[in-house]
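Here is a protein chain to get to know. Take a look at the fold and then read on.

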Amino acid sequence: MDFSVKKLACDAGVFFSRAVQYTEEKLGQAEKTELDAHFESLLARADCTKNWTEKIYRQTEVLLQPNPSARIEEFLYEKLDRKLPYRATNGEILGQYMLEAAKEFGPGTPYGKSRHIDMWSRVVELHLLTCRVQ
């Protein structure tokens, strides 16, 4: 590794100046840096995309690794000859998240253009209809 005192001093100076600016903005001693409206909309869209992607990712993990207590509950209801109360399945929840993300982002985005969204919406609607009929 090449250790450079000059680079370390430069990085420390940048860090210190940013810390001072942040502190002054928070204390009201300095004007907050105004961002371009387009840049702010990009930031909002990026945050929204990040949140939906994480939500879909977590639900996909839940779908791939099912909850053992849910299986035990199904088994007990089956053995007791009782009807299992309706709960949305992990697949339905994932489909619902995908639909909500597609609606929020609109058809001009990869989320909205996905053909799987149409399939998921049909699967979720069909399943919800069959559960209500029973």
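What follows is a short tour of this chain, from its overall layout down to single pairs of side chains.

## The big picture

First things first: you're looking at a predicted model. The protein chain has six helices and zero strands. Reading from the N terminus, then, the elements simply go α-α-α-α-α-α.

How much of the chain is buried? Of its 134 residues, 14% count as buried. The accessible surface of the protein chain adds up to about 11400 Å², and carbon and sulfur atoms account for 59% of that. As for who touches whom, take the contacts between residues at least 6 apart in sequence: 60% of them join residues at least 24 apart.

## The nonpolar core

Which residues make up the largest nonpolar core? There are seven in all: Cys-48, Trp-52, Ile-56, Leu-94, Met-98, Ala-101 and Phe-105. Helix α2 (37-64) and helix α4 (90-105) each chip in at least two of them. The largest share, four residues, comes from α4.

It's worth knowing a bit of helix geometry here. An α-helix has 3.6 residues a turn, so residues three or four places apart point the same way.

## Where α2 meets other parts of the chain

Gln-59 is a good residue to zoom in on, and you'll find it in helix α2. Is it buried or exposed? Gln-59 counts as buried because its relative accessibility is 9%, and the cut-off for buried is under 20%. Its side chain reaches the backbone oxygen of Asn-90 at 3.2 Å. If you set aside the neighbours within four places in sequence, Gln-59 is in contact with Asn-90, Ile-93, Leu-94 and Tyr-97.

Val-62 sits in helix α2 as well. With 36% relative accessibility, Val-62 counts as partly exposed. Its C-alpha atom is 9.2 Å from that of Leu-94, although the two residues are 32 places apart along the chain.

## Two salt bridges

How many salt bridges are there? The count comes to two. One of them joins the side chains of Glu-54 and Lys-50, with 3.5 Å from N to O. Both residues belong to helix α2 and are four residues apart, which is about one turn of the helix. Both are partly exposed too: Glu-54 has a relative accessible area of 34%, and Lys-50 comes in at 46%.

Arg-87 and Glu-73 form a salt bridge as well, and their closest N and O atoms are 2.8 Å apart. Arg-87 lies in the loop between α3 and α4 while Glu-73 is in helix α3, so this pair ties together parts that are 14 residues apart in sequence. Arg-87 is partly exposed, at 46% relative accessible area, and Glu-73 is partly exposed at 23%.

## Checking helix α3 with a ruler

Here's a sum you can follow yourself. How far should the twelve residues of helix α3 (residues 68-79) span? At 1.5 Å a residue, the expected answer is 16 Å, because the rule multiplies 1.5 Å by one less than the number of residues. In the model, the C-alpha atoms at the ends of α3 are 17 Å apart, which agrees.

One last detail to look for comes after this helix. α3 is followed by Asp-81, and the phi of Asp-81 is positive, near 55 degrees.

Terms used:
Residues are numbered from 1 along each chain as its sequence is written. This is a predicted model: local features need pLDDT of at least 70, side-chain atom pairs count only at pLDDT 80 or more; totals for chains, interfaces and linings use all residues. Side-chain values use heavy atoms; hydrogens and water are left out. Helices (H or I, at least four residues) and strands (E, at least two) are DSSP runs, numbered from the N terminus. A nonpolar core is a set of buried Ala, Val, Leu, Ile, Met, Phe, Trp, Tyr and Cys residues joined through side-chain atoms within 4.5 Å. Buried means under 20% relative accessible area, exposed over 50%, partly exposed in between (1.4 Å probe, protein chains only). Contact means heavy atoms within 4.5 Å. Accessible areas come from the Shrake-Rupley method with a 1.4 Å probe; for residues, only the protein chains shown count as cover. A polar contact is a pair of N or O atoms within 3.5 Å; within protein, one must be able to donate a hydrogen and the other to accept it, and residues adjacent in sequence count only if both atoms are side-chain atoms. A salt bridge is a side-chain nitrogen of Lys or Arg within 4 Å of a carboxyl oxygen of Asp or Glu.
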